[in-house]
Amino acid sequence: MSMGVTTDGPIAIDAMSLLLGQRQLRGSSQDEKSDLIEALELVAAGKVKPMLETYPIDKVNEVRDRLAAGKVRYRAVLSHG
């Protein structure tokens with residue numbers, strides 16, 4: 001079992017994106033059911049938070065354009081209140 005990765009070949013990574021963005025790439029095989037249970041418990045305990053981009057509802061067309069252009073980095077959320 002693999003969590004979120006395909007096994008049909010190598011993963012292409014741009015090294016400069018990692019270096020300039022001070023990012024890390026880590027791997028782990030979590031083949032045990034207990035690992036999945038632990039991850040779900042963290043989510044249930046509220047220790048995992050989504051990263052959101054929040055926009056007012058009147059910007060819906062701009063947000064749609066950003067989404068189509070691939071400029072939304074996280075999850076785009078429209079607020080109406």
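## A helix to start with

Let's begin with helix H2, which covers residues 33-44. How far apart should the ends of its twelve residues be, at 1.5 Å a residue? The expected span is 16 Å, and the end C-alpha atoms are indeed 16 Å apart, so the two values agree. Keep in mind as you look around that this is a predicted model.

Just after H2 comes Gly46, whose phi angle is positive, at about 80°.

## The overall plan

Now step back to the whole protein. Three helices and two strands make up its secondary structure. If you walk along the sequence, these elements come in the order α-α-β-α-β.

How much of the protein is buried? Of its 81 residues, 5% count as buried. The protein exposes about 7500 Å² of surface, and carbon and sulfur atoms supply 55% of that area. Contacts tell us about the chain too: among those with a separation of 6 or more, 25% are between residues 24 or more positions apart.

## Glu53, a buried residue with partners

Glu53 is a good residue to find in the structure, and it sits in strand S1. Is Glu53 buried or exposed? Its relative accessible area is 13%, and buried means under 20%, so Glu53 counts as buried.

Which residue forms a salt bridge with Glu53? The partner is Arg66, with the closest N and O atoms 3.2 Å apart. This pair links distant parts of the chain, because Glu53 belongs to strand S1 (residues 52-56) and Arg66 to helix H3 (residues 60-68), 13 residues apart. Arg66 itself is partly exposed, with a relative accessible area of 29%. As a general idea, side chains of opposite charge can pair when their charged atoms come close.

The side chain of Glu53 also has a polar atom 2.9 Å from the backbone nitrogen of Arg73. Setting aside neighbours within four places in sequence, Glu53 is in contact with several residues, including Lys71, Val72, Tyr74 and Val77.

## The other salt bridges

How many salt bridges does the structure hold? There are three. Besides the pair made by Glu53 and Arg66, Lys59 forms a salt bridge with Glu62, where the closest N and O atoms are 3.8 Å apart. Lys59 has 33% relative accessibility and counts as partly exposed; Glu62, at 47%, is partly exposed as well.

Asp65 and Arg64 also meet through their side chains in a salt bridge, at 3.3 Å from N to O. Asp65 is partly exposed, with a relative accessible area of 44%.

## A nonpolar patch and a loop

Some nonpolar side chains can be found on the surface. Which residues make the nonpolar surface patch of about 320 Å²? They are Ile11, Ile13 and Leu25. Ile13 is placed in the segment before helix H1 (15-20). At 42% relative accessibility, Ile13 counts as partly exposed.

Finally, look at the loop between H1 and H2, where you will find Arg23. With 45% relative accessibility, Arg23 counts as partly exposed. Leaving out neighbours within four places in sequence, Arg23 is in contact with Ser17, Leu18 and Arg73. You have met Arg73 before: its backbone nitrogen lies 2.9 Å from a polar atom of the Glu53 side chain.

Definitions and conventions. Residues numbered from 1 in each chain as written. Predicted model: local features only at pLDDT ≥ 70, side-chain atom pairs only at ≥ 80, totals over all residues. Heavy atoms only, no water. Helix = DSSP H or I, 4+ residues; strand = E, 2+ residues; numbered from the N terminus. Buried < 20%, exposed > 50% of the residue type's maximum accessible area, 1.4 Å probe, protein only. Contact = heavy atoms within 4.5 Å. Areas by Shrake-Rupley, 256 points an atom, 1.4 Å probe, with all protein chains shown as cover. Patch = residues over 30% accessible without salt bridge, like charges linked within 9 Å, V, L, I, M, F, W, Y side chains within 5 Å. Salt bridge = Lys/Arg side-chain N within 4 Å of Asp/Glu carboxyl O. Expected span 1.5 Å × (residues − 1). Polar contact = N/O pair within 3.5 Å; in protein donor to acceptor, adjacent residues only side chain to side chain.
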